[in-house]
Amino acid sequence: MARQDDQALRDELYRDPYPLYDRARRTEGLLYVPEFDAWLVARDRDVREVLLRAADFSSADSLLPDIPLSQAALGVLPRGFGPRPTVVSTDAEAHRRLRAPLNRGLSAARVAALLPYARACAGELVDGFAADGSAELVEAYARRLPGMVVGRLIGLDPADVPAAVHGGYRAEELLFRPLPPEGQAAAAEDVVALQHLLDAYVRDRRARPRDDMCSTMVAALAPGDAELTLEQRHELVTNLQNLLIAGFLTTSALIGTTLMHLLGDDRRQWRMLRADPSLVPAAVEEAARHDTAIQAFRRTTTRPVTLAGTELPAGATVMVAYGSANRDEERYERAGEFDITRPGSRQHLAFGYGPHGCPGSRLAREQLSLTLDLFLRRMPELRLDPSRPGPRMRPTLIHRSPRVLYATW
């Protein structure tokens with residue numbers, strides 16, 4: 001377990017990594033960061049180079065946990081499924097095999113067909129608090145809409161979505177937040193419950209396929225109609241869990257940080273957007289660039305390589321910082337400013353680049369866009385609540401977002 005003082009230093013770095021990024025971009029070569037136990041890839045051009053050189057920079061350890069698991073948790077997890085490789089942690093042919101059903105299930109046509117449901121869910125959520133004149137928008141909205149949408153995509157019964165989302169958050173907490181042994185064991189129980197829920201859907205879709213992502217993945221990863229083997233169930237559950245968590249965690253973060261920045265600085269950007277709603281698409285891109293939901297992923301060198309003039313041996317870990325690349329002054333003027341009128345924001349790396357570019361980026365963008373349209377229409381006077389604590393960021397690099405967002409209108 002990480003020492004308490006080490007964890008505190010890491011948490012502060014996670015809450016505001018941008019000064020470190022600034023220093024790394026100014027450093028000749030790569031900067032080694034002890035808190036990451038990795039070389040930081042901070043410049044836009046270097047990040048793009050790593051992401052295009054998948055054969056030299058493997059994704060196998062892209063999501064190593066920050067926190068060692070206790071014996072208590074290790075006693076619980078074998079009752080569930082996995083771990084198995086996912087689209088995030090594979091390379092080459094294995095990656096292409098796992099990604100193919102995601103590309104089909106997240107096609108433009110599939111996303112378009114899902115949007116009426118997403119808009120209806122968003123409207124119902126806002127109906128639940130609009131008349132109150134105030135709300136904490138992270139819990140009331142940002143953490144709820146993406147789970148409802150990805151649940152529909154996968155094919156979950158709406159009644160199962162809250163438990164699935166809860167299990168997903170507990171998985172992230174188990175691997176990336178310090179908990180006492182009994183807390184880890186409780187989180188592991190919730191993760192195992194999620195896995196058994198997903199396994200029931202996998203087995204049902206084998207017998208009764210539907211037009212949903214679960215059926216698509218079962219057909220792609222376990223071709224045929226024979227009863228699923230235990231290994232096939234492990235792989236399917238692990239990859240559905242990854243899709244579920246990726247689907248709601250990062251989109252929730254994107255919604256929360258976007259609202260936070262639009263409402264900050266005397267609401268100047270919000271007022272600009274209210275005066276000209278045609279800026280919504282630009283606001284979506286600028287928000288993704290300015291405060292990227294997934295700040296960084298690890299890559300591991302497969303052979304000796306030279307990057308940005310730094311010689312790295314085989315087996316070296318690099319932290320590929322999308323969040324830093326998106327504030328690279330060589331690509332963006334006034335890179336540290338949030339400006340929804342900025343030209344060229346869509347060049348950003350918030351959704352990755354190359355073989356591992358996010359297949360769900362279209363769905364994430366659409367959810368943020370419909371959220372802004374809805375809030376502008378229903379709550380045009382939206383503002384941060386001056387009587388409540390201001391936003392404080394979660395200490396994580398994989399779903400950078402405010403813990404709470406108290407607002408009034």
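**Exercise 1. Which residue in β8 does leucine 40 stand opposite?**

Solution. The model is predicted, so local features need pLDDT of at least 70 and side-chain atom pairs count only at pLDDT 80 or more, while totals for chains, interfaces and linings use all residues. Residues are numbered from 1 along each chain as its sequence is written, and side-chain values use heavy atoms, with hydrogens and water left out.

Step 1. Locate the strands, where strands (E, at least two residues) and helices (H or I, at least four) are DSSP runs numbered from the N terminus. Strand β2 covers residues 38-41 and runs parallel to β8, to which 3 bridges join it; two strands pair if DSSP finds at least two bridges between them.

Step 2. Read off the partner: leucine 40 stands opposite methionine 319 in β8.

Step 3. Turn to strand β5 (residues 296-301), which pairs with β8 in the antiparallel sense over 5 bridges, and in which alanine 296 stands opposite alanine 321 of β8.

Step 4. Consider how covered β8 (residues 317-321) is: 4 of its 5 residues are buried, where buried means under 20% relative accessible area, exposed over 50% and partly exposed in between, with a 1.4 Å probe and protein chains only.

**Exercise 2. Describe the surroundings of serine 70.**

Solution. Step 1. Serine 70 lies in the loop between β3 (57-58) and α4 (71-76).

Step 2. Its relative accessibility is 12%, and serine 70 therefore counts as buried.

Step 3. When neighbours within four places in sequence are left aside, serine 70 is in contact (heavy atoms within 4.5 Å) with Pro181 and Gln184.

**Exercise 3. Count the disulfides and examine cysteine 214 and cysteine 358.**

Solution. Step 1. With a disulfide taken as a pair of cysteine sulfur atoms within 2.5 Å, the count comes to 0 disulfides.

Step 2. For cysteine 214, which is in no disulfide, the nearest cysteine sulfur is that of cysteine 121, 19 Å away; cysteine 214 is buried, with a relative accessible area of 0%.

Step 3. Cysteine 358 is likewise in no disulfide, and the nearest cysteine sulfur, that of cysteine 214, is 19 Å away; the relative accessible area of cysteine 358 is 34%, which means that cysteine 358 is partly exposed.
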